[in-house]
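Colleague: I should be grateful for a close look at a single part of this model, beginning with one residue and its surroundings. Please then set that part in the context of the chain and its helix packing.

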Amino acid sequence: MKIALIVNPLIPVPPEQYGGIERVVYVLTVELMKMGHDVTLYANPDSQPGCRLIGYRESENYGLKDFTKINLLTSSLLFKNFDVVHTFGRMSNIASLMPFKQPKIVSYQLPPTLSQVKKAVKIAAKNSLYFTACSHFIAGQINHIGQVTAIYNSVDMDDYLFNAEVNADAPLVFLGRIQQEKGTAIAIEIALKTNKKLIIAGNIPDEPIHQQYFNEQIRPFIDQDQIKYIGPVNNIQKNELLGKACAMLMPVTWDEPFGIVMAEALACGTPVIGFNRGAIPEVVTNGSTGFVCNNINEMMEGVNNISALSRSQCRQVAEEKFSSAVMAKRYEELYRLVSSS
């Protein structure tokens, strides 16, 4: 099949550090090419996807000028005989394609703006517009408006080394942006109350509210002994960090759409302990690959019982549900469906 993939051009594909969507698009591109498909990627010009690349940019503050320029670019797709156009970026960037029969897929990695979904469904040619969501939690927000399929995000299993056993004093790990919605302060509270070591890795967003959160609720507890902060990590560091942890904490205070870091942890054999929010109950099987908790006390109980879980089971579930090959196969099935409709 001839497939056009589109992603917002903010950072290259693959990303060097953080960029969950760009990482998913990269592994999808690789797998589709392995399957023999002809893939063209529209993305940041510095991307190195291993397929044909059409580079484009947008300004820091996306506006009408960007909308017009990018739609001029994507409207040319109508004349290139693609079997399917699949965007992980802004749906508005393919607005010019909507009235035409060209099969189109829009993937949501975050909660959708329903007014935009309704508008797109209304103007799109009949049976030409489909949606995917990174979890059933997100799909459930769209399925009363348009045709949507839940396809989980994935990781390249070869990039994550399975570690069958960790030391008795192995630390907990928190990996992600340091901000209130991610629950970094709650992770610290759990580590202190269970007398476990905690390694915090991730970037602190530039916005003043996040800097204040770090300075007031995180920094005072960092002693680089029981509570350690190591800053952002690259792929190699992340692999080692997750593999040597006894568990990864996901004490989020928002509805996590998917949380690719959970799949990365499971691929290393590391259980995940998270709150019952968003897609966490879909990614974590309670009592098998981690614990899905309703409050801090349940999370502390999960930490104390983590040795009862099988790290081999975590890896097996990651391979069965969250491998790049499994994800690409599901997208391929969808491509064949929409291109024949």
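Modeller: A43 has a relative accessible area of 0% in this predicted model, and since buried means under 20% relative accessible area, A43 is therefore buried. The residue lies in strand β2, which covers residues 38–43. Leaving aside residues up to four places away in sequence, A43 touches V7, P9 and V13, and also L53, I54, G55 and Y56. Y229, by contrast, is 186 residues from A43 in sequence, and the C-alpha atoms of A43 and Y229 are 33 Å apart in space.

The setting of A43 is a chain of 341 residues, of which 54% count as buried. The chain has 12 helices and 13 strands, and its C-alpha atoms fill a box of roughly 60 × 40 × 35 Å along the principal axes. A compact globule with 341 residues would have a radius of gyration near 20 Å; the chain has 21 Å, which agrees. Contacts also link parts of the chain that are distant in sequence: among those between residues at least 6 apart, 66% join residues at least 24 apart.

Two helix pairs illustrate the packing elsewhere in the chain. Helix α5 (residues 184–194) packs with helix α6 (residues 208–218) at an angle of about 15 degrees, and their axes are 10 Å apart. Angles under 35 degrees count as roughly parallel, and α5 and α6 are therefore roughly parallel to each other. The crossing in which α5 passes α6 is right-handed. On the α5 side, T184, A185 and I188 take part, and they meet Y213, Q217 and I218 in α6. By class, this contact of α5 with α6 has 4 nonpolar and 2 polar residues, with no charged residues.

The second pair is formed by helix α8 (residues 260–267) and helix α11 (residues 311–321), whose axes come within 7 Å and cross at roughly 125 degrees. That angle lies between the ranges for roughly perpendicular, 65 to 115 degrees, and roughly antiparallel, over 145; α8 and α11 are therefore oblique to each other. A263, L266 and A267 of α8 make the contact with C314, R315 and A318 of α11. By class, the contact of α8 with α11 has 5 nonpolar residues and 1 charged residue, with no polar residues.

Notes
Residues numbered from 1 in each chain as written. Predicted model: local features only at pLDDT ≥ 70, side-chain atom pairs only at ≥ 80, totals over all residues. Heavy atoms only, no water. Axes fitted to C-alpha atoms, helices over the stretch in contact; angles between N-to-C directions. Helix = DSSP H or I, 4+ residues; strand = E, 2+ residues; numbered from the N terminus. Left-handed = near helix turned anticlockwise from the far one by under 90°. Contact = heavy atoms within 4.5 Å. Nonpolar A, V, L, I, M, F, W, Y, C, P; charged D, E, K, R; others polar. Rg over C-alpha atoms; globule rule 2.2 N^0.38 Å. Buried < 20%, exposed > 50% of the residue type's maximum accessible area, 1.4 Å probe, protein only.
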